[in-house]
Amino acid sequence: MSGYTLELPTLQNWSCHSCSGCCRQHGIAITEEERQRIAQQQWTAADGIPEGQPLFVRMGGWFGRRWWRLAHQPDGRCVFLDDRGLCRIHAKFGEAAKPLACRIYPYAFHPKGRQVVVSLRFSCPSVVKNLGRPVIAQKGELRDLARQVVPENISQAAPPKLTERTRLAWPDLLRVVHALDETLAAATAPVAVRLWRGLHWLSLVEQAKFHAVSGERLDELLDLLRGAAEAELPPDSPLASVPPPSRLGRTLFRLHAGQYARIDSYTSAQKGLAGRWRLFRAAVRLVRGTGTLPRLQERLAAVPFAALERSFGPLPAEADEMLTRYYRIKLEGLHFCGLAYYGIPLVEGFRSLALIYPVVLWIARWLAASQGGERLTADDVADALATADHHHGYSPALGSFGARSRVRTLAQTGDLERLIAWLSH
């Protein structure tokens with residue numbers, strides 16, 4: 001681990017609770033060495049592997065890099081997931097025998113100057129609900145994993161850009177990140193108000209000239225901007241009185257939220273030409289926003305669009321805490337910009353991260369409406385957050401020009417803040 005130190009999140013707990021969700025949702029990329037090692041383990045029907053079931057699938061096109069992944073069973077499970085929801089490789093040979101991708105999840109390692117910071121994926125329900133051992137107590141295990149995945153020259157990685165035209169040195173960039181974290185940590189106001197504050201003062205930072213502002217002077221500027229945002233948006237800011245988003249804003253948002261709401265897997269019905277045609281038809285319905293919602297996954301019923309636009313009441317206190325922790329883990333882990341997020345600059349990345357709030361509440365409303373519910377529960381929000389973060393930073397579609405253009409437009413028109421307010425009550 002020469003060349004960098006490991007920084008762990010202090011807010012988060014996690015242990016695996018064998019829900020097997022990751023073994024059903026994710027395609028597990030493996031190295032050639034891992035493929036050979038698993039092949040030499042000589043799996044047979046006596047081990048529970050069905051006769052004729054392949055263990056691996058070769059991926060990549062003729063003109064791209066070719067690689068391997070573990071195969072999936074017809075019902076979507078990893079080929080090595082048994083009927084009890086346990087890994088056959090783990091049971092027979094121990095955890096160390098599993099592919100590295102399986103052992104790392106839900107952790108992620110990102111460069112942070114002379115440090116490597118550990119973040120987590122909230123697609124894991126145990127991460128969302130903060131269950132298990134404190135991550136800070138798992139330093140030994142995480143150090144061992146970092147040795148296997150983090151390049152030795154990681155401390156030489158350039159910092160993310162602040163904007164498309166501005167790049168700060170690591171110390172100054174981290175000052176901005178720290179200020180955002182302090183904004184989100186101010187639990188005297190609802191998380192929606194704190195997001196508004198962050199978006200407000202970060203838009204002013206975007207306009208600043210940094211050739212003469214750095215170090216302590218930058219700290220002073222950020223403190224002034226944060227203070228002004230808090231004065232303009234006090235804890236009891238009446239978000240219910242904020243005008244609703246524009247028609248264009250709602251259309252762009254539905255398309256964006258639809259990408260988060262769907263389930264993409266190697267065995268899903270979205271594969272092939274028929275699957276692409278279904279996704280196209282779903283996109284058309286999302287653009288129109290009339291009639292019933294397209295059924296993007298089994299748990300989301302074809303309820304009317306209007307059912308998601310009525311009030312579902314205030315956000316439960318437990319859900320507000322959950323989303324606060326989510327944002328702070330993502331900020332502290334730089335899991336929203338630079339190498340960890342499609343190479344996107346910090347300002348743009350935070351806007352995409354802030355947009356997760358209305359996306360999660362939209363999906364949570366859809367989950368509640370699918371069950372006939374009229375109020376959001378903390379479980380609705382937890383399920384929606386796990387669904388959304390499965391894609392955030394990992395779906396190529398969300399790093400595309402079209403997705404980035406949607407976020408920019410929503411920010412430029414003010415619809416991003418209006419969406420946050422609109423879905424908060």
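Start by selecting Ala 108 and Ser 119: in this predicted model, Ser 119 of strand E6 is the bridge partner of Ala 108. Keep both on screen while you bring up the strands around them.

**Stop 1: the hairpin**

Select residues 107-112 for strand E5 and residues 115-120 for E6. The two strands pair in the antiparallel sense, over six bridges. Besides the pair you already have, pick His 110, which stands opposite Val 117 in E6. Now move to the turn. Two residues lie between the strands of this hairpin, and Gly 113 takes a positive phi near 70°.

**Stop 2: the surroundings of E5**

Is E5 enclosed or open to its surroundings? Six of its six residues are buried, so the strand is largely enclosed by the rest of the structure. To see this from both sides, colour the two faces separately. Tyr 107, Phe 109 and Pro 111 make up one side, while Ala 108, His 110 and Lys 112 make up the other; all of these residues are buried. His 110, then, belongs to a covered face and also sits across from Val 117. Next door, E6 has five of its six residues buried, so it too is largely enclosed by the rest of the structure.

**Stop 3: the whole sheet**

Add residues 5-7, which form strand E1. E1 runs parallel to E6, and three bridges join them. For a pair to zoom in on, take Thr 5 and its bridge partner in E6, Gln 115. With E1 shown, you have an open sheet of three strands in the order E1-E6-E5, with mixed pairing. Why do E1 and E5 each have a side without a neighbour in the sheet? They stand at the edges with a single partner strand each, so one side is left free of sheet neighbours. From one strand to the next, the twist averages 30°.

Now select residues 317-332, helix H12. This helix lies across E1, E5 and E6, and it runs at about 155° to E6.

**Stop 4: the cysteines**

How many disulfides should you expect? The count comes to zero, taking sulfur atoms within 2.5 Å as the rule. Two cysteines are worth a look here. Select Cys 102 together with Cys 78: the latter holds the closest cysteine sulfur, but at 6.4 Å it is too far for a bond. Cys 102 counts as partly exposed, with 27% relative accessibility. Then go to Cys 124, whose closest cysteine sulfur is in Cys 19, 5.7 Å away and again too far for a bond. Cys 124 counts as buried, with 8% relative accessibility.

**Stop 5: a loop proline**

Finish at Pro 238, in the loop between helix H9 (215-232) and helix H10 (247-261). Is Pro 238 buried or exposed? At 56% relative accessibility, Pro 238 counts as exposed. For a last distance to draw, connect its C-alpha atom to that of Asn 130: the two are separated by 30 Å, and the residues are 108 apart along the chain.

Methods
Residues are numbered from 1 along each chain as its sequence is written. This is a predicted model: local features need pLDDT of at least 70, side-chain atom pairs count only at pLDDT 80 or more; totals for chains, interfaces and linings use all residues. Side-chain values use heavy atoms; hydrogens and water are left out. Buried means under 20% relative accessible area, exposed over 50%, partly exposed in between (1.4 Å probe, protein chains only). Helices (H or I, at least four residues) and strands (E, at least two) are DSSP runs, numbered from the N terminus. Two strands pair if DSSP finds at least two bridges between them. Axes are lines fitted to C-alpha atoms, for helices over the stretch in contact, and angles run from 0 to 180 degrees between N-to-C directions. Contact means heavy atoms within 4.5 Å.
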